[in-house]
Structure formats: C-alpha cells, structure tokens
Amino acid sequence: MTNSSVGFPQFYQIQQILDRFLVGSDPLAVGVLQAFNENKITVPTDTAIISINDIDIARYVSPPLTTFHIDTDDLAAQAIITLKDTIIFDRSQKRMVLVDAKLIYRKSFVKPTNKS
C-alpha cells in the first residue's frame with residue numbers, strides 16, 4: 001500500500017488524520033499500518049488502529065496490532081448447524097449467531113484508563 005492507494009490520499013491531503021481506525025480485518029490493517037509508516041504517521045501517537053481476526057501476523061508488525069480475537073471454532077460450529085438445518089428442513093435459515101470475542105490489547109491502541 002502506498003500513497004497512491006485508494007482512499008489514503010484523501011485523509012492525508014487534508015492534513016488531519018482521524019484519532020482512531022477500526023479496520024475490518026488484520027490483513028487490511030497491516031496495509032493501513034504500512035501506509036501510515038510510509039507517510040510518517042505514527043501509531044499510536046498520531047492515530048490508533050484496532051482490527052479484527054487476531055491472525056499471527058498481527059503480533060509481529062510494528063507496532064503490534066490491537067485486535068479482536070473471534071472464536072472461529074464456535075463460529076464454524078454454528079455455520080455447520082445452520083447448514084445441516086437448511087438441508088434437513090429444505091428451507092433457508094435465518095439466525096442471529098453470537099460468538100465470543102476478546103479484545104487483545106497490543107501497541108497500536110492504548111488502553112483507556114478509568115479516571116474516577
């Protein structure tokens with residue numbers, strides 16, 4: 001990802017960057033982090049990043065990505081149950097599925113402190 005990447009120049013040209021970004025996946029967040037590094041935008045000083053998936057690379061980039069760890073085993077089990085029910089009952093299934101997720105704090109986002 002470079003300055004010519006779609007979307008990045010608009011943020012950079014206005015000379016103001018958002019305080020925080022929630023990026024939809026760790027691989028995308030790695031690209032965002034690379035673009036920030038190339039443009040001398042320091043994470044987490046100038047902006048912060050939280051991503052989703054907690055893939056291995058998230059802990060090895062610089063700075064390591066704060067990311068949501070999603071219980072993919074549970075998600076897969078729910079998908080199999082839905083598929084089985086769709087096949088058995090021969091109709092589409094609509095469900096709301098909730099799976100556990102845990103925010104793994106690393107250096108791309110500073111954990112807020114309670115000011116009581």
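Entry 1, burial. I take a residue as buried when its relative accessible area is under 20%. By that cut-off, buried residues account for 28% of the 116 residues in the protein chain. I note here that the model is predicted.

Entry 2, secondary structure. I looked up the elements and found 3 helices and 4 strands in the protein chain. Reading from the N terminus, I get the order α-β-α-β-β-α-β.

Entry 3, strands 1 and 2. I asked how strand 1 and strand 2 run relative to one another, parallel or antiparallel. They run parallel, and 3 bridges join them. I then looked up a facing pair and noted that L22 stands opposite I50 in strand 2. Between the two strands I followed the chain: it leaves strand 1, passes through helix 2 and arrives at strand 2. I recorded this β-α-β crossover as right-handed.

Entry 4, strands 2 and 3. I went on to the other pairing of strand 2 and found 3 bridges to strand 3. These two strands also run parallel. Here I noted I52, which stands opposite F68 in strand 3. I also checked the cover on strand 2, which spans residues 48–52. Strand 2 is mostly covered, with 4 of its 5 residues buried.

Entry 5, aromatic pairs. I searched for ring pairs, and the structure holds 2 of them. One of these is formed by F21 and F36, with 5.5 Å from centre to centre and 55° between the planes. I logged the pair as tilted, because the angle is neither under 30 degrees, as for stacked, nor over 60, as for edge-to-face. Which elements hold the two rings? F21 is in strand 1 (residues 20–22) and F36 is in helix 2 (residues 26–38). The two residues are 15 apart, and I noted that the pair links distant parts of the chain. I checked the accessibility of both rings' residues: F21 and F36 are both buried.

Entry 6, surface patch. I looked for nonpolar surface and found a patch of about 310 Å², made by I55, I57 and Y60. I then placed I57, which is in the loop between strand 2 and strand 3 (66–70). Is I57 buried, partly exposed or exposed? I57 has a relative accessible area of 40%, so I entered I57 as partly exposed: the value is neither under 20% nor over 50%. The same 40% is over the 30% that a patch residue needs, so I57 passes that cut-off.

Notes. Residues numbered from 1 in each chain as written. Predicted model: local features only at pLDDT ≥ 70, side-chain atom pairs only at ≥ 80, totals over all residues. Heavy atoms only, no water. Phe/Tyr/Trp six-rings, centres within 6.5 Å; stacked < 30°, edge-to-face > 60°. Buried < 20%, exposed > 50% of the residue type's maximum accessible area, 1.4 Å probe, protein only. Patch = residues over 30% accessible without salt bridge, like charges linked within 9 Å, V, L, I, M, F, W, Y side chains within 5 Å. Areas by Shrake-Rupley, 256 points an atom, 1.4 Å probe, with all protein chains shown as cover. Salt bridge = Lys/Arg side-chain N within 4 Å of Asp/Glu carboxyl O. Pairing = 2+ DSSP bridges. Right-handed = clockwise from strand over helix to strand, strands pointing away.
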